[in-house]
Amino acid sequence: MHPPLTLHRHPMCAEIIEEFQKCHLDHPVKKFFGECTDLKIKLDRCFRQEKALKRKANFEESKNFKERLHAYKREIAETNQE
């Protein structure tokens, strides 16, 4: 199962999504017998890569936020001690 195939949500995979949807339109019956399987595999790989990049970016953003938060807490603690 894959996420909804909306192009604006998956810009990295837009080309493969379009090919996959075209394959389904061109082969309405054969799609059930594996005609579009190769594109499906490519699409799944693309989604995995896209997710890994998003995960890495979110981790970096979280790391930066935690550093700023700890610095802010130290600053508040220092001002309260004075």
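Start by selecting Glu50, which you will find in helix H2. You are looking at a predicted model, so treat each stop on this tour as a feature of that prediction.

**Stop 1: Glu50 and its surroundings**

With Glu50 selected, show its side chain and look for a partner. Which side chain of opposite charge is nearest to Glu50? That is Lys54, at 4.5 Å. A salt bridge needs a nitrogen-to-oxygen distance within 4 Å, and Glu50 has none, although this residue is buried. Now display what surrounds Glu50. Setting aside residues up to four places away in sequence, Glu50 touches Arg9, His10, Pro11, Met12 and Cys13.

**Stop 2: Cys46 and the nonpolar core**

Stay in this area and select Cys46. Again leaving out residues up to four places away in sequence, Cys46 touches Met12, Cys13 and Ile16. Cys13 is thus a shared contact: Glu50 touches it, and Cys46 touches it too.

Next, widen the selection to the largest nonpolar core. How many residues make up this core? There are 11 in all: Leu5, Cys13, Ile16, Ile17, Phe20, Cys23, Cys36, Leu39, Leu43, Cys46 and Phe47. Colour helix H1 (14-26) and helix H2 (37-81), and you will see that each supplies at least two residues of the core. As general background, nonpolar side chains in soluble globular proteins tend to be buried together.

**Stop 3: Cys23, one member of the core**

Select Cys23, in helix H1. Is Cys23 buried or exposed? Its relative accessible area is 9%, so Cys23 counts as buried. Turn on nearby side chains: beyond residues up to four places away in sequence, Cys23 touches Glu35, Cys36 and Leu39. Two of these contacts, Cys36 and Leu39, are listed in the core as well. For a distance to check in your viewer, try Cys23 to Glu35: these residues are 12 apart along the chain, and their C-alpha atoms are separated by 7.9 Å.

**Stop 4: Leu7, before the first helix**

Move to Leu7, in the segment before H1. With 35% relative accessibility, Leu7 counts as partly exposed. Its contacts, leaving aside neighbours within four places in sequence, are Ala14, Ile17 and Glu18. Draw a C-alpha to C-alpha line from Leu7 to Glu18 and you should read 8.3 Å, for residues 11 apart in sequence.

**Stop 5: the salt bridges**

How many salt bridges does the structure hold? There are two, and each deserves a look. In general, side chains of opposite charge can pair when their charged atoms come close.

- Select Lys22 and Asp26, whose side chains meet in a salt bridge at 2.7 Å, N to O. They are four residues apart in helix H1, so about one helical turn separates them. Asp26 is partly exposed, with a relative accessible area of 44%.
- Then select Lys40 and Asp44, where the closest N and O atoms of the salt bridge are 2.8 Å apart. Both lie in helix H2, four residues apart, or about one turn of the helix. Lys40 is partly exposed at 22% relative accessible area, and Asp44 also counts as partly exposed, at 21%.

**Stop 6: a nonpolar patch on the surface**

Finish by switching to a surface view and selecting Tyr72, in helix H2. Add Phe65, Leu69 and Ile76 to the selection: together with Tyr72 they make a nonpolar surface patch of about 370 Å².

Key. Residues are numbered from 1 along each chain as its sequence is written. This is a predicted model: local features need pLDDT of at least 70, side-chain atom pairs count only at pLDDT 80 or more; totals for chains, interfaces and linings use all residues. Side-chain values use heavy atoms; hydrogens and water are left out. A nonpolar core is a set of buried Ala, Val, Leu, Ile, Met, Phe, Trp, Tyr and Cys residues joined through side-chain atoms within 4.5 Å. Buried means under 20% relative accessible area, exposed over 50%, partly exposed in between (1.4 Å probe, protein chains only). Contact means heavy atoms within 4.5 Å. Patches are made of residues with over 30% relative accessible area and no salt bridge: like charges are joined within 9 Å, nonpolar side chains (Val, Leu, Ile, Met, Phe, Trp, Tyr) within 5 Å. Accessible areas come from the Shrake-Rupley method with a 1.4 Å probe; for residues, only the protein chains shown count as cover. Lys and Arg count as positive and Asp and Glu as negative; His and the chain ends are not counted.
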